[in-house]
Amino acid sequence: AANGQPPYRHVLTHGFVVDERGAKMSKSVGNVMFPGDVINGRKEIRFKKEKKKKKKQKKSPGKEAEQDEDDVAAATKEAAAAATATPKPQSAMPAYGADVMRLWAATQDYSKDVSVSPGIIDATFVSSKKVRNTARFLLGNLSDFDPAVDCVPMKKTSGAGPAAPTLTPLDKYALHLLWQAAHDVDGHYSEFAFGKAHQRVMACLTADLSQFYLDISKDRLYTELAASPSRRACQTVLCEALAVLTPRIAPILMHTAQDIYESMPQAHFRGDGSAGSGLMGSAPMGCWEWDSVDSAPPPSIFHSGMYRPPDEWHQPALAADWSAVRSIRSEVNRLLERCREDKVIGSTLQAQVTLTVSPMSPLFDILSRIDLEQASGYHAQQQGGSSAAAAAATALEAGMGGLSDVLISSTCILQSPDT
């Protein structure tokens with residue numbers, strides 16, 4: 001008021017904290033969730049105090065009510081049992097850590113009353129564990145990756161030979177998904193929609209990375225030569241995924257983000273203060289927001305600023321093609337799952353999938369531009385010329401809503417014991 005403006009930029013308010021039934025927190029009721037118990041665990045058992053209503057004894061006018069010996073004995077026994085009875089205990093709580101407490105607070109709709117209970121905290125812990133497990137997988141596959149040497153460019157540079165490796169369309173699509181996730185999360189943070197920001201990060205980690213890109217790319221990571229261009233291209237995307245997502249979970253999962261930051265490939269920590277300039281020319285690297293290229297990386301992720309993906313990652317036309325492929329892949333997976341449930345196949349490696357697409361369909365052009373084996377993660381298998389005992393165990397056909405011009409058939413190939 002003295003300066004003509006409020007002493008703050010924004011104000012956020014929230015409702016009361018209630019239990020899972022919507023009842024207010026009360027020590028007397030015993031439904032209070034203490035933040036210290038969530039963070040550090042509750043080793044001792046705290047007991048709820050159960051209040052018992054006192055029964056009023058009726059008195060006869062002018063004299064006290066008489067009780068026979070049996071009534072007196074029963075009352076004495078009941079009083080002794082009540083004095084020595086153990087109250088109903090609350091279950092012990094494990095130490096979830098500060099990250100889970102912060103994640104619970106961030107994912108609540110603070111425009112109304114917020115609920116907390118042991119079950120809600122446990123579900124929040126599962127969500128945080130998903131982030132750590134995905135980060136562990138990414139870091140584990142980057143142990144031999146040096147971004148300054150091994151990074152694969154998006155396109156061939158001038159003077160590069162015809163055999164110079166570049167990222168595959170699948171890799172470029174993964175970078176597009178990271179670019180989109182980064183911009184969505186930043187927008188949610190600017191609107192203080194912390195729950196939406198975390199949901200967008202989780203969608204990228206689960207649907208885009210774990211269930212799609214990483215599921216398809218495991219063969220490249222595990223079976224290719226360590227320094228093969230295909231494996232290095234995949235590692236380039238994994239390194240970028242860590243750099244994009246880690247600072248965006250830091251406002252909520254601060255300890256998890258710092259752990260990831262300290263384990264990332266050190267050569268990746270270079271920036272020049274201008275977003276989108278890249279680390280190595282045509283390489284797909286974004287950049288961190290600190291000032292100097294020559295300075296050592298900050299010891300904390302909270303001093304590094306955001307990691308800005310370059311606009312070259314944004315490729316809507318490529319994303320449209322791959323979105324159609326993902327729809328087909330989801331339907332194929334559904335049909336193969338039905339085969340597994342019917343005990344026709346034990347794994348997807350025992351099935352051969354045939355797609356029949358009308359040449360007049362827009363999908364025909366899309367599929368002709370994309371390597372279906374790379375898109376599906378399944379290997380093509382030729383019939384004949386082997387000792388396999390061809391047995392067409394089942395054939396499934398599906399006309400899909402929105403993909404009605406695609407006919408999918410799945411034939412099981414059972415191999416004889418001598419193969």
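**Figure 1. Helices H7 and H8 share the wall of the second largest cavity.** Helix H7 (194-223) and H8 each put at least two residues into the lining of this cavity. In this predicted model, the space in question has a volume of about 40 Å³. Going around the wall, you meet Tyr189, Ala197, His198, Val201, Arg248, Ile249 and Ile252. H7 is the top contributor here, with 3 residues. As for chemistry, the lining splits into 5 nonpolar residues, 1 polar and 1 charged.

**Figure 2. The largest cavity draws its lining from helices H4 and H8, among other parts.** Here the volume is about 80 Å³. Helix H4 (118-140) and helix H8 (229-249) each bring at least two residues to the wall, and H8 has the largest share, at 5 residues. The full set of lining residues is Val131, Ala135, Leu138, Leu205, Ala241, Leu242, Leu245, Thr246, Ile249 and Ile260. Sort them by type and you get 9 nonpolar, 1 polar and no charged. Keep an eye on Ile249: this residue lines the largest cavity, and Ile249 also turns up in the wall of the second largest one. If you're counting, the structure holds 2 cavities of 30 Å³ or more.

**Figure 3. Helix H6 crosses helix H10.** This close-up is all about how H6 (residues 169-190) and H10 (residues 316-341) meet: their axes come within 10 Å and cross at roughly 105°. An angle of 65 to 115 degrees counts as roughly perpendicular, so that is the label for H6 and H10. On the H6 side, the residues in the contact are Pro169, Leu170, Lys172, Tyr173, His176 and Leu177. Across from them, H10 offers Pro316, Leu318, Ala319, Trp322, Ser323 and Arg326. Taken together, the contact residues of H6 and H10 come to 8 nonpolar, 2 polar and 2 charged.

**Figure 4. Proline 169 of helix H6, a residue of the contact with H10.** Zooming in on the crossing, we pick out proline 169, which lies in helix H6 and belongs to the set of H6 residues that meet H10. Look over at alanine 319 next: proline 169 and alanine 319 are 150 residues apart in sequence, yet their C-alpha atoms are 9.7 Å apart in space. Is proline 169 buried, exposed or partly exposed? Its relative accessible area is 39%, so proline 169 is partly exposed.

**Figure 5. Phenylalanine 192 and lysine 343, two loop residues with a positive phi.** Start with phenylalanine 192, found in the loop between H6 and H7. Phenylalanine 192 isn't a glycine, but its phi is positive, at about 60°. With a relative accessible area of 25%, phenylalanine 192 counts as partly exposed. Now hop over to lysine 343, in the loop between H10 and strand E5 (351-357). Lysine 343 isn't a glycine either, and has a positive phi of about 65°. Lysine 343 is exposed, with a relative accessible area of 72%.

**Figure 6. The whole chain, as a backdrop for the close-ups.** How many helices and strands does the chain have? The secondary structure adds up to 12 helices and 6 strands. Of the chain's 419 residues, 40% count as buried. If you take the contacts with a separation of 6 or more, 69% of them are between residues 24 or more positions apart.

How values were computed
Residues numbered from 1 in each chain as written. Predicted model: local features only at pLDDT ≥ 70, side-chain atom pairs only at ≥ 80, totals over all residues. Heavy atoms only, no water. Axes fitted to C-alpha atoms, helices over the stretch in contact; angles between N-to-C directions. Helix = DSSP H or I, 4+ residues; strand = E, 2+ residues; numbered from the N terminus. Parallel < 35°, antiparallel > 145°, perpendicular 65-115°, else oblique. Contact = heavy atoms within 4.5 Å. Nonpolar A, V, L, I, M, F, W, Y, C, P; charged D, E, K, R; others polar. 1 Å grid on protein atoms, 1.4 Å probe; cavity = no way out; pocket = protein on both sides within 12 Å on 5 of 7 lines; lining within 4 Å. Points joined across faces, edges and corners; volume = space filled by probe spheres on them. Buried < 20%, exposed > 50% of the residue type's maximum accessible area, 1.4 Å probe, protein only.
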